[in-house]
Amino acid sequence: MEVQALGYVGLPTAAIEDWADYGSKFLGMQLVDRTRDYLTFRMDDRRQRLVVSNDSADRSGFFGWEVADARALNAMAARVEAAGVAVERLPGIIASQRRVKEAIAFKDPVGNRLEVFYGAEIATDPFVPGRSISGFRTGPLGMGHAVLHVERIDEALAFYTKVLGLRVSDFFTVPYRAYFFHVNPRHHSFAMIETGRNGIHHLMMELTMLDDVGQGYDLALGEKGRVATTLGRHINDQMVSFYARTPSDFFVEYGWGGRSIEPSTWQPEEITYGASLWGHDRDWLGPEQTAAARALKLKAAADGLRAPVNVMEGNHTVAPGQCIWWDSMRKTG
């Protein structure tokens with residue numbers, strides 16, 4: 001698989017000052033660079049992971065996907081061009097701003113700007129969080145995951161799987177259609193939700209301790225309207241998380257305990273109990289979808305579904321066939 005991880009994300013905003021506090025004092029990232037029009041944040045030993053800008057050149061935002069080296073980058077460029085998509089080689093000055101050796105850029109079928117790169121710059125000094133947290137789970141798993149609104153999933157599905165080489169982890173159709181994709185042992189680094197529009201739905205950042213998430217939840221509860229989705233646990237990646245509104249028109253999922261998978265043997269199947277095992281009440285769903293989501297959670301409770309005990313012992317690898325709970329959840333409902 002040529003794409004290895006979600007390496008960085010760039011976000012356009014009209015509220016750059018609000019992002020400075022949100023990114024550091026709430027999420028706990030390290031604010032590295034700050035100008036009137038530009039912010040960059042660290043999450044680990046990488047020089048930057050998140051770029052927030054009100055520069056008109058970056059108004060569309062961008063998602064940076066990492067590959068191993070120049071050979072893999074050239075192979076990806078050839079594959080994308082063969083699919084009839086125009087590929088741009090990023091000028092050296094832009095690659096330098098991205099803190100990478102080399103990168104290409106192109107658009108997905110719904111207009112999102114994707115960048116593929118190699119040679120991310122490593123910082124010379126230790127990561128210093130913006131508030132007291134244990135740290136983020138990143139490394140070879142990448143910075144987390146990105147989930148997009150899409151008007152029609154089928155238009156983008158073939159591109160992300162056949163052209164970019166992302167692999168389907170699983171999917172569900174109720175209370176809405178959603179597909180989840182992996183590129184490494186993180187259960188998913190990318191997902192699409194069919195909502196009738198295009199844009200960012202959320203970014204996920206995973207912490208290394210559950211208490212970091214709980215304390216973040218307390219901070220979010222202290223701000224009216226900050227919590228968009230209450231604390232809960234997802235069924236597919238088993239993440240304990242909540243969703244917080246950002247200063248822009250999307251959410252950040254703040255979580256812990258996400259499962260790892262074995263990419264070489266993982267087999268995708270339909271999830272029949274919906275998105276969440278418990279919690280995760282979404283104030284942004286309509287009444288009918290809210291009722292459907294709640295009914296699925298109550299069914300999961302009535303059927304006695306539980307996360308495997310070893311989830312609570314830290315990050316882990318579980319493959320199909322190793323967990324009775326997981327296999328029964330995937331095949332019944």
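Q: A nonpolar core is a set of buried Ala, Val, Leu, Ile, Met, Phe, Trp, Tyr and Cys residues joined through side-chain atoms within 4.5 Å. In this predicted model, which residues touch the most other members of the largest nonpolar core?
A: Nonpolar side chains in soluble globular proteins tend to be buried together. Here the largest nonpolar core holds 67 residues. The members that touch the most others are Phe-63, Trp-65 and Tyr-160.

Q: Which helix gives the most to this core?
A: Let's stay with the core of 67 residues. One helix, residues 153–163, supplies six residues to it. That top contributor is helix α4.

Q: How many residues make up the second, separate core?
A: Besides the largest core, there is another that stands apart from it. Its members include Val-147, Ile-193, Leu-285 and Ala-300. The size of this second core is 16 residues.

Q: Leaving aside neighbours within four places in sequence, which leucines is Phe-63 in contact with?
A: Phe-63 is one of the residues that touch the most other members of the largest core. Beyond its sequence neighbours, its contacts include Tyr-8, Val-9, Asn-112, Arg-113 and Ile-200. The leucines in its contact list are Leu-6, Leu-114, Leu-148 and Leu-203.

Q: Which strands stand at the edges of the open sheet of eight strands?
A: The strands of this sheet run in the order β2-β3-β4-β1-β5-β8-β7-β6, with mixed pairing. An edge strand has a single partner, so one side of it is left without a neighbour in the sheet. The two edge strands are β2 (30–34) and β6 (88–89).

Q: What is the bridge partner of Phe-106 in β8?
A: Strand β7 covers residues 102–107 and strand β8 covers residues 113–118. The two pair in the antiparallel sense over six bridges. Across from Phe-106, the partner in β8 is Leu-114.

Q: What angle does the direction of helix α2 make with that of β7?
A: Helix α2, residues 70–82, packs on the sheet. There α2 touches β6, β7 and β8. The angle between the directions of α2 and β7 is about 20 degrees.

Q: Which are the edge strands of the open sheet of 10 strands?
A: This sheet follows the order β17-β10-β11-β12-β9-β13-β16-β15-β14-β18, again with mixed pairing. Its edge strands each pair on one side only. They are β17 (269–270) and β18.

Q: Which residue in β13 does His-145 stand opposite?
A: Strand β9 spans residues 145–150 and strand β13 spans residues 199–206. They pair in the antiparallel sense over five bridges. Opposite His-145 stands Met-204.

Q: Which strands does α1 touch as it packs on the sheet?
A: Among the buried residues of α1 are Ile-16, Trp-19 and Ala-20. The helix packs on the sheet with its direction at about 160 degrees to that of β15. The strands it touches are β15 and β16.

Q: Of the 19 aromatic pairs in the whole structure, how far apart, centre to centre, are Tyr-22 and Phe-26?
A: Both residues lie in helix α1 (residues 16–26), four residues apart, which is about one turn of the helix. Their planes stand at 50 degrees, and the pair counts as tilted. The centre to centre distance is 5.2 Å.

Q: Is Phe-26 buried or exposed?
A: Buried means under 20% relative accessible area. The relative accessible area of Phe-26 is 5%. Because this value falls under that cut-off, Phe-26 is buried.

Q: How many residues apart are Phe-26 and Tyr-254?
A: Phe-26 and Tyr-254 form a stacked aromatic pair, 6.0 Å centre to centre with 20 degrees between the planes. The pair links distant parts of the chain, with Phe-26 in helix α1 and Tyr-254 in strand β16 (residues 251–256). Along the chain, they are apart by 228 residues.

Q: Which residue lies over the face of Phe-62?
A: Another ring to look at is that of Phe-62. At 3.7 Å from its ring centre, the residue over the face is Arg-98.

Q: What is the phi of Gln-238?
A: Most residues other than glycine have a negative phi. Gln-238 sits in the loop between β14 (227–234) and β15 (240–245), and it is buried, with a relative accessible area of 0%. Although it is not a glycine, its phi is positive, at about 65 degrees.

Notes. Residues are numbered from 1 along each chain as its sequence is written. This is a predicted model: local features need pLDDT of at least 70, side-chain atom pairs count only at pLDDT 80 or more; totals for chains, interfaces and linings use all residues. Side-chain values use heavy atoms; hydrogens and water are left out. Rings of Phe, Tyr and Trp (its six-membered ring) pair if their centres lie within 6.5 Å; planes under 30 degrees apart count as stacked, over 60 as edge-to-face and the rest as tilted. Buried means under 20% relative accessible area, exposed over 50%, partly exposed in between (1.4 Å probe, protein chains only). A charge sits over a ring if NZ of Lys or CZ of Arg is within 6 Å of the ring centre and within 35 degrees of the ring normal. Contact means heavy atoms within 4.5 Å. Two strands pair if DSSP finds at least two bridges between them. Axes are lines fitted to C-alpha atoms, for helices over the stretch in contact, and angles run from 0 to 180 degrees between N-to-C directions.
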